[in-house]
Amino acid sequence: MQKQMIKTLAASAAFGLALTGMAMSTPVDDKLVIEGEEGTIELVTSTKAPEHLQEVMDTIYSGWHYREDDTRSMQMDDFDNPAMVFVDRGRDLWNAAIGKNGESCAGCHNGPESMKGLRAVTPRVDAKTGKLMTIENYVDACVTERMGLEAWGWTGDKMKDTLALISMQSRGEIVNVAIDGPAAPFWEKGKEVYYTRYGQLEMSCASCHEENQGLFIRSDHLSQGQINGFPTYRLKDAGILSAQQRFVGCVRDTRAETFKPNSDEFKALELYVASRGNGLSVEGVSVRH
Amino acid sequence: MTRQLMLVTLAAMAAATPAISEIAPTAVAYTEGKISESLTGTPGDPVAGVKVMTTNALGNCVACHVIGALPDVPFQGNIGPALDGVASRYDEAQLRGIVANSKLTFEGTFMPAFYKTDGFVRPGNAYTGKAPESELTPILTAQQIEDVVAYLVTLKE
């Protein structure tokens, strides 16, 4: 009897969902063509879902498709994109002789272009150590081990400016993180975190970004929670936000105890979420609200 | 009757009734998802119910539900069904059960349980992102649940 009631109610609720959803459930149909210093480039902001997601969705969309017209257009011209200031700051830092013995990133790596492609394939497992590495982990290793400096905060300005600069070098490249081989156990762990319903509100990433994407939760148009656009300039914070910083906010909003940036859980989650965007372009530095 | 007068009357009534104590979240008796008895013994106040339903830090029901009867509330979400006419679809006991713990009516639902204090994974101290410092309290108090129910039962088709 109870089972049956649940079923009937669920069916009618699903019907209601379909009805309310229809009006504005679709991501905006638009193309992300960016005017930059090197001319215009068009980014892939929607494409066929990667194989591992095909049971749950056909198409993946960048969060760019879910934002208002003015936020979307800010990202269409580097001149209007507030994140570029942070990329420039990152470039200054890259060239500065800040190491204990006057080392600079540029001294060992030449120009930041040497980092081209990295953003599209990280997080990845380091072949030598077997550790899961985010871009921040690589930067941290150089800062502390090769330059003799105190560690930069995972979400501090120096780290995020550098992240913005490095990410920009891969703008337009297609996200393609490995999920098999040595990455498999990390990926599985990230997937488990993604589907766990945390907190007093008992919500998982999937509750919002898979099952209800396209709908409105209060004034927020729910995207698929992709990270191909990260780091992003968030208008609300007037600053750069890293992917794991965004995760902190989303978990906190479920009345849960969050994980910390660079925790094993969030690193694994970053790999898993990145893999849900395999096929989309790295946006370099995006603009969101 | 003014609101104040009504409250005074209610307080008098409550005082007159032999202390019906509040039912704790862990002691609520659900029958097929329904709660037939009031959680407090004090009738709910529909005006206070609206406040709970439209305030972010409280019920924030409008995050997910459209309530056409409250056109002045901005940005109503469209994740759950509209609540207009809900009292024609469910009786009071069902509505109380849905607000207190909707999971017992709608298996696996996205809707949070508003009168529940255990069985969570990594619950936090409200919206701070930190671990709780003391025992969890339900998102809404027993009286707030009654207030919400008092408003919902007015939403007839």
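**Exercise 1.** In this predicted model, find which residues lie nearest the centre of the second largest pocket, and which element gives the largest share of its lining.

*Solution.* Start with the lining, which has 32 residues. Nearest the centre lie Asn137(A), Tyr138(A), Ala141(A), Cys142(A) and Arg146(A). Next, list the elements that give two or more residues to the lining: α4 (105–109), β6 (132–133), α6 (135–146) and α7 (157–168) of chain A. The largest share, 10 residues, comes from α6(A). Now sort the lining by character: 16 residues are nonpolar, 6 polar and 10 charged. To finish, add the volume of this pocket, about 770 Å³.

**Exercise 2.** Work out why Cys142(A) forms no bond with the closest cysteine sulfur, then look at Cys250(A).

*Solution.* Take the cut-off first: a disulfide needs two cysteine sulfur atoms within 2.5 Å. For Cys142(A), the closest cysteine sulfur belongs to Cys108(A) and is 7.6 Å away, so the pair is too far apart for a bond. Move on to Cys250(A), where the nearest cysteine sulfur, in Cys205(A), is 7.5 Å away, and there is no disulfide here either. Cys250(A) is partly exposed, with a relative accessible area of 29%. Over all chains, the count of disulfides is 0.

**Exercise 3.** Give the strand order of the open sheet that holds β9, β10 and β11 of chain A, and name its edge strands.

*Solution.* The order of the 3 strands is β10-β9-β11, with mixed pairing. The edges are β10 (239–241) and β11 (286–288) of chain A, each pairing on one side only. From one strand to the next, the twist averages 40 degrees. Now zoom in on one pair: β9 (residues 232–234) and β10 of chain A run antiparallel over 3 bridges. Here Arg234(A) stands opposite Gly239(A) in β10(A).

Key
Residues numbered from 1 in each chain as written. Chains lettered and ligands numbered in written order. Predicted model: local features only at pLDDT ≥ 70, side-chain atom pairs only at ≥ 80, totals over all residues. Heavy atoms only, no water. Pairing = 2+ DSSP bridges. Helix = DSSP H or I, 4+ residues; strand = E, 2+ residues; numbered from the N terminus. Axes fitted to C-alpha atoms, helices over the stretch in contact; angles between N-to-C directions. Buried < 20%, exposed > 50% of the residue type's maximum accessible area, 1.4 Å probe, protein only. 1 Å grid on protein atoms, 1.4 Å probe; cavity = no way out; pocket = protein on both sides within 12 Å on 5 of 7 lines; lining within 4 Å. Points joined across faces, edges and corners; volume = space filled by probe spheres on them. Nonpolar A, V, L, I, M, F, W, Y, C, P; charged D, E, K, R; others polar.
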